[in-house]
Structures are given as structure tokens and as C-alpha cells.
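Trainee: I am new to this structure and would be grateful for a close look at a single part of it. Please begin there and then set that part in its wider surroundings.

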Amino acid sequence: MNNIIVTGAAGRMGGRIMVLSKEYPDLRLAGALERKGNEAVGKDIGPLAGMGESGVKVGDSLEAIIGKADVVIDFTAPSAAMQNLEIVSRHGKAMVIGTTGFSKNEIETIRRFAGEIPVVLAPNMSVGVNLLFKVLQDVARVLGDDYDIEIIEAHHRLKKDAPSGTALKMAQVIAEAVHRNLDEVGVYARKGIIGERSGKEIGIQTVRAGDIVGEHTVLFGGLGERIEITHKASSRDTFARGALKAALWITGRRAGLYDMQDVLGLK
Ligand code: NAP
């Protein structure tokens with residue numbers, strides 16, 4: 001039995017992860033955490049997440065309950081995730097991080113902690129998107145420099161980071177496949193007299209509207225044709241199930257930084 005603690009428990013993702021954890025007989029919800037002062041603290045997480053009484057009360061201190069966990073699943077915000085990772089590492093547990101929007105320095109710090117404990121870090125935990133990361137590599141490699149590459153992502157109005165972690169990972173995977181440095185060729189917005197498009201740039205455009213769960217299109221534009229590869233998430237459950245699969249997979253692994261391609265056996 002793997003004991004999980006879910007941080008960001010009152011959030012959109014945290015709630016679905018806790019509800020769906022009931023479908024996994026080898027997982028047990030051992031704790032739920034929220035930010036100090038959040039109105040969910042002290043309440044039973046069950047009714048808050050849309051299920052019956054669970055017997056698990058929302059806490060506000062990971063330090064206080066980390067002893068109950070094998071794996072911490074974190075869908076919060078970068079600053080919270082970094083604090084949680086430090087605690088998880090100090091206690092020698094495992095961590096699944098779905099939070100997005102980390103800076104380069106934070107990613108380096110996560111990499112350092114993953115030298116001590118197993119960590120799955122994935123900006124998108126759906127099977128479909130992780131399969132796409134693989135497909136995009138092949139498509140970009142074959143099309144090479146003859147096709148302009150643009151990524152368009154759309155999410156709900158409440159999303160805090162932009163572009164999405166998924167769009168950034170798609171851009172990274174594609175840039176590596178065509179031997180470009182994303183720091184040099186990434187173009188994140190256009191306005192005014194911008195001149196002709198350079199052949200090497202990779203455009204990443206952000207849309208925020210309504211309740212869109214998550215949509216990503218990668219467009220390869222050539223002369224006389226274009227290819228568009230699109231993924232649309234219609235429910236957060238696809239990400240939540242991925243996180244739970246990762247929590248099962250990570251238990252007993254050696255220290256290291258893993259992603260969903262490792263979890264899903266796509267490497
Ligand atoms: P959300 O609804 O805003 O939930 C985040 C939760 O974390 C909130 O309950 C928030 O509490 C809590 N939180 C924020 N800062 C905290 C802190 N310092 N300490 C403790 N708790 C804190 O957001 P969401 O839609 O669930 O998304 C959460 C993260 O997951 C985002 O980074 C998002 O991009 C990412 N995400 C990843 C995937 C994936 O597949 N990897 C899929 C969807 C979303 P307050 O409300 O009090 O701030």
C-alpha cells in the first residue's frame with residue numbers, strides 16, 4: 001500500500017486527485033494540505049472534493065504529517081512546491097510534481113533534490129500529451145528547417161502561468177529535435193512592424209479564456225501545405241489519473257529526476 005499526501009488539496013487538480021485515488025486499491029490518501037489561512041484547513045476533505053466523508057482533515061503543515069506518506073503529490077504553485085520538495089527530501093520520501101511555471105533556477109534546484117530522492121516532474125500528466133512529445137520529435141526531425149513551427153496553447157482564465165508548461169515542453173522537445181536553442185529562437189508574442197518571420201524561430205502563443213481545460217496545437221507551416229497536431233483535454237481527470245499512476249510507479253524507485261515518459265514507458 002502506498003500512502004499519498006496531496007498538497008493544494010482544495011485546488012482544481014488536488015480535488016480530482018483525491019476523488020480518483022479511491023479507484024486505485026494500492027493507494028491510500030494519508031493526508032491533504034492547503035496554504036495556511038485557506039478556508040479548507042481543518043475541514044474533512046471528502047465533501048470539499050465532492051465525495052463523502054473521508055476521515056482526512058485538511059492540514060496546513062507538511063512537516064507535521066510527512067511521516068505518514070510514501071509519496072507527496074503536488075499541484076500548487078512554484079514557491080509552495082519548492083518548499084514542499086525541501087521537506088520531502090529531508091524526510092527521504094518520493095514526490096510527484098505537476099505544478100508548472102518553475103524558473104530555470106528552480107528546475108536546477110529540483111534536479112539537485114532529485115539526487116537524493118525520486119521525483120517525477122511533468123508539466124502535463126496525460127497519456128495523449130506525453131505520446132505527442134514523442135511524435136513531435138519525429139515530425140520536427142523529418143520536416144527540419146523547411147517548415148515554420150508555431151505552438152498555440154489555450155487555457156481557462158484562472159491559469160496563473162504563461163505559456164503553459166506543456167507548450168514550453170513541446171517547444172523544448174522540438175527545438176532539440178531540430179538542433180536549436182529555445183532561449184535564442186523562442187518568440188512569445190508579436191506586435192507592430194515585426195518584419196519577416198525568420199526561418200529558425202519557434203513561436204509560442206497563449207490564449208486565456210473561460211473554462212478551457214487545456215488545448216495545444218503545434219503547427220508546421222510549409223509552402224503549399226501545413227500540418228497541425230492538436231491535443232484537447234476535456235477533463236482534468238486525465239491529468240489526475242496520470243499523477244496517481246506516477247505515484248504508484250515512483251514508489252521504491254532510486255533517486256532521480258523522472259518524467260511522465262518514464263512513468264508511461266515511452267522512452
Ligand atoms: P488551483 O485550483 O489554483 O489550485 C492550487 C492550489 O494550491 C490552491 O488550493 C492553492 O491555495 C494552493 N496553493 C497555492 N499556493 C500555496 C502555498 N504556498 N501553500 C499551500 N498551498 C498553496 O490550480 P490548479 O488548476 O489545481 O493547478 C495547480 C498547478 O498544477 C498549476 O501550476 C497548474 O499549471 C498545474 N497543472 C498541471 C497539470 C499537469 O498535468 N502537470 C495539469 C493541470 C494543472 P489558494 O487557493 O489558497 O492559493
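In which loop is the place of Asn124?

Mentor: The model discussed here is a predicted one. In it, Asn124 has its place in the loop that runs between β6 (118–121) and α6 (127–143).

Although Asn124 belongs to a loop, the residue is not exposed. Its relative accessibility is 4%, and buried means under 20%, so Asn124 counts as buried. Leaving aside neighbours within four places in sequence, Asn124 is in contact with Val129, Asn130, Thr166, Phe239 and Met260. A further relation in space concerns Ser164: this residue is 40 residues from Asn124 along the chain, and the two C-alpha atoms are separated by 9.4 Å.

The strand on one side of this loop, β6 (118–121), leads to Val120. Residues up to four places away in sequence not being counted, Val120 touches Met95, Val96, Ile97, Ala246, Trp249, Ile250, Tyr258, Asp259, Met260 and Val263. Met260 therefore appears in both contact lists, that of Asn124 and that of Val120, where contact means heavy atoms within 4.5 Å.

Val120 also has a place in the largest nonpolar core, which holds 39 residues; Ile4, Ile17, Met18, Ile73, Val96 and Val120 are those that touch the most other members. The elements that give two or more residues to this core are β1 (2–7), α1 (12–21), β2 (27–33), α2 (45–49), β4 (71–74), β5 (94–97), α9 (237–250) and α10 (260–263). Helix α9 gives the most, with 8 residues. Apart from this core lies another, of 25 residues, and Val139, Leu143, Leu182 and Val185 are among them.

Tyr258, one of the residues touched by Val120, lies in strand β12, residues 256–258. Its relative accessible area is 18%; buried means under 20%, so Tyr258 is buried. Its contacts, leaving aside neighbours within four places in sequence, are Pro118, Val119, Val120, Leu121, Trp249 and Arg253. Tyr258 and Val119 are 139 residues apart along the chain, yet their C-alpha atoms are separated by 6.0 Å.

On the other side of the loop of Asn124 is helix α6 (127–143), and from here one may turn to Val173. The place of Val173 is in helix α7. With a relative accessible area of 10%, Val173 is buried. Not counting residues up to four places away in sequence, Val173 touches Phe133 and Gln137. Val173 and Leu136 are 37 residues apart in sequence, and 7.5 Å separates them in space, C-alpha to C-alpha.

Two details of the backbone stand on either side of helix α7 (165–177). Most residues other than glycine have a negative phi, and most peptide bonds are trans. Against that background, the peptide bond from Ala162 to Pro163 is cis, with omega near -10°. Pro163 lies in the loop between β7 (148–155) and α7 (165–177). The second detail is His179, which has a positive phi of about 55° although it is not a glycine. His179 is found in the loop between α7 and α8 (182–185). With a relative accessible area of 75%, His179 is exposed.

A loop elsewhere in the chain gives a contrast with that of Asn124. Gly67 lies in the loop between α3 (62–65) and β4. Its relative accessible area is 66%, and exposed means over 50%, so Gly67 is exposed, whereas Asn124 is buried. The C-alpha atoms of Gly67 and His91, 24 residues apart along the chain, are separated by 7.8 Å.

Finally, the chain as a whole may be considered. There are 10 helices and 12 strands in the chain. A compact globule of 267 residues would have a radius of gyration near 18 Å, and the value for the chain, 19 Å, agrees with this. Its C-alpha atoms fill a box of roughly 60 × 40 × 30 Å along the principal axes. Of the 267 residues, 52% are buried. Among contacts with a separation of 6 or more, 69% are made by residues 24 or more positions apart. The accessible surface comes to about 13,100 Å², and carbon and sulfur atoms account for 50% of it. The side chains include 34 positive and 33 negative ones, and the centres of these two sets lie 4 Å apart.

How values were computed
Residues are numbered from 1 along each chain as its sequence is written. This is a predicted model: local features need pLDDT of at least 70, side-chain atom pairs count only at pLDDT 80 or more; totals for chains, interfaces and linings use all residues. Side-chain values use heavy atoms; hydrogens and water are left out. Helices (H or I, at least four residues) and strands (E, at least two) are DSSP runs, numbered from the N terminus. The radius of gyration is taken over C-alpha atoms; the globule rule is 2.2 Å times the number of residues to the power 0.38. Buried means under 20% relative accessible area, exposed over 50%, partly exposed in between (1.4 Å probe, protein chains only). Accessible areas come from the Shrake-Rupley method with a 1.4 Å probe; for residues, only the protein chains shown count as cover. Lys and Arg count as positive and Asp and Glu as negative; His and the chain ends are not counted. The place of a charge is taken as NZ of Lys, CZ of Arg, CG of Asp or CD of Glu. A nonpolar core is a set of buried Ala, Val, Leu, Ile, Met, Phe, Trp, Tyr and Cys residues joined through side-chain atoms within 4.5 Å.
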